[in-house]
Amino acid sequence: MGHSGGARQFHAVHNPAMAHSPAVGRNPAVSHGVAASRQAPSAAAMRRNANAVGRTLSSRPVTAALRSPGGLRNPAARAAVMTAAAGAAWGIHNNNGGWWWRHPHGGFGWIGPVFWPYAYYDLYDYAWWGDDYDPYFWDYGYNDIYTGLFGPYDYDALSGYAYYLPGYAGPRPQVTGRSGAPAQTATLADMCGSDRSDIAGFPIEQFRSAVQPNAEQSAALDELASASQKASETILNSCPKDVPVTAPSRLAAMQQRLQAMRDAVGILQPALEKFYGLLSDDQKAKVTALAADQQRSRREATSGSGDCNAAQPAAIAWPGDVIERDVRPTDAQRASLDALRDAATKAEDTLKSSCPPTDARTPPARLAAVGARLDAMLQAIGTVRPALDTFYSSLSDEQKAAFDAVGPERDGGRSAMAAAGGDEPPRGHHRRHHRHGPNIGGMIFRMMGL
């Protein structure tokens, strides 16, 4: 990669966002390869962005939801936390539709470097109570693979999240509250599910109270509780330790997270089936009634999971024109690009055929549906990743930078190619972090009384 136009070359290093070397500390959080042919954020920019993330993670509504016992059991509360964190170091709502990677029912598939925040909450909520209580599980799909390919966060914004990852060992910027005193700041591990006992034990005790198990059933329920704890720890351990900046590293992180969720289902499924199989018809009816009570308890009902077979919105249409303009693939590269687009189309078709079942009326049936959906998502990523790796590895460093800038460019950024070559004047980049649209997360928090 050339050094013209003030561009800097960033070599592949292991988790440089977590390194203590001052030279590395000045670079953006990079993993799995060369990041970009553009100027790295300065140490001051990284601190500024880290402070922005810290202020969000220490805000009263977020800490109230994270620290209150059972505060995250409300799916709307989780969606509000995700909305706030999604824009912590990225505050602009531009004229291209704003947050184009937002999910249909609210919330986001990607929060900075974290894919599927609150994964086990969504998994458990759907399995225990159904999609009338929590439709968010089925919101995850092709749109998140698309966002993995064309991530919306640029290097400046991502650098702010690195300080709050569970693997970060360096000094964290001190965030102060309104009084000037240091604020209690959450980390991104909280969004991966740090309080795993809160959700893992929640349905177990409710089941025990509802069905009044005999000795054999009680022993099976204890086994289910143990499996639930182990499953939640499996998902928690998939929380990223570094920041995946490039498209290949994002899909790798996504695949790792989904595999952990699938492993968790495999841990949970035998214990749940054993317990449920020991119940009498009357006890099963009580479990069904318990789920109905949970659905009625939702302060704001969100019905249905949408039309699984509906066409993808125009907001995530394949950005072929942008790729042609900025990446400028050669004829040889264009062949592998076409293969990548074909793979993405196959992935979309795979996930369209994996819709929420209409007859999953029991926890074991819904958990089986969760496993099938995760299998479909893993199959879809398995289709896209080889094609992406082939195309991406054929690109020059400048072309990789341009490809990685496709998503951020949609959010008001500029192409990395133009930035590196000096073909585009500065757009007051620093102002992006201070231009805010509607505070959707805040509105949701206010409606919830948090």
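This passage walks through the predicted model, from its overall make-up to a few helix pairs and single residues. Because the model is predicted, local features need pLDDT of at least 70 and side-chain atom pairs count only at pLDDT 80 or more, while totals for chains, interfaces and linings use all residues. Residues are numbered from 1 along each chain as its sequence is written, and side-chain values use heavy atoms, with hydrogens and water left out.

To begin with the whole, the protein's secondary structure comes to 20 helices and 2 strands. Both kinds of element are DSSP runs numbered from the N terminus, with helices (H or I) of at least four residues and strands (E) of at least two. Of the 450 residues, 56% count as buried; here buried means under 20% relative accessible area, exposed means over 50%, and partly exposed lies in between, with a 1.4 Å probe and protein chains only. About 18,000 Å² of the protein is exposed, and carbon and sulfur atoms supply 50% of that area. Such areas come from the Shrake-Rupley method with a 1.4 Å probe, and for residues only the protein chains shown count as cover. Take the contacts (heavy atoms within 4.5 Å) between residues at least 6 apart in sequence: 81% of them join residues at least 24 apart.

Helix H12 turns up in two of the packings described here. Its residues 247–277 pack against helix H16 (residues 363–393) at an angle of about 160°, with the axes 9 Å apart. That makes H12 roughly antiparallel to H16, a label for angles over 145 degrees; under 35 would be roughly parallel, 65 to 115 roughly perpendicular, and the rest oblique. The axes are lines fitted to C-alpha atoms, for helices over the stretch in contact, and the angles run from 0 to 180 degrees between N-to-C directions. H12 passes H16 in a left-handed crossing, where the near helix is turned anticlockwise from the far one by less than a right angle; clockwise would be right-handed. The residues of this H12–H16 contact split into 23 nonpolar, 4 polar and 5 charged. For that tally, Ala, Val, Leu, Ile, Met, Phe, Trp, Tyr, Cys and Pro count as nonpolar, Asp, Glu, Lys and Arg as charged, and the others, Gly among them, as polar.

The other packing brings H12 together with helix H11 (residues 215–236), at an angle of about 180° and with the axes 8 Å apart. H11 is thus roughly antiparallel to H12. Among the residues making the contact are Ala220, Leu224, Ala227 and Ala231 of H11, along with Met261, Ala264, Leu268 and Leu272 of H12. By class, the H11–H12 contact holds 14 nonpolar, 3 polar and 5 charged residues. Glutamine 229 also sits in H11 and is partly exposed, at a relative accessible area of 27%. Its C-alpha lies 9.1 Å from that of leucine 268, although the two residues are 39 apart in sequence.

Helices H2 (residues 43–57) and H7 (residues 155–162) meet at another angle: their axes cross at roughly 60° and come within 7 Å. This crossing is right-handed. On the H2 side, Met46, Asn49, Ala50 and Val53 take part, facing Asp156, Ala157, Ser159, Gly160 and Tyr161 in H7. The tally for the pair is 5 nonpolar, 3 polar and 1 charged residues.

Helix H6 (residues 142–149) is mostly covered, with 8 of its 8 residues buried; these include Tyr142, Asp144 and Leu149. In helix H10 (residues 202–211), the buried residues are Phe202, Pro203, Ile204, Phe207 and Val211.

A few loop residues round off the picture. Glutamine 212 lies in the loop between H10 and H11, and its phi is near 50°, a positive value in a residue other than glycine. Glutamine 212 counts as exposed, at 58% relative accessibility. Arginine 328 also has a positive phi, near 55°, and is found in the loop between helix H14 (320–326) and helix H15 (331–352). Arginine 328 is exposed, with a relative accessible area of 59%. Serine 396, in the loop between H16 and helix H17 (397–404), is partly exposed at 31%. Serine 396 and valine 327 are 69 residues apart in sequence, yet 9.4 Å apart in space, C-alpha to C-alpha.
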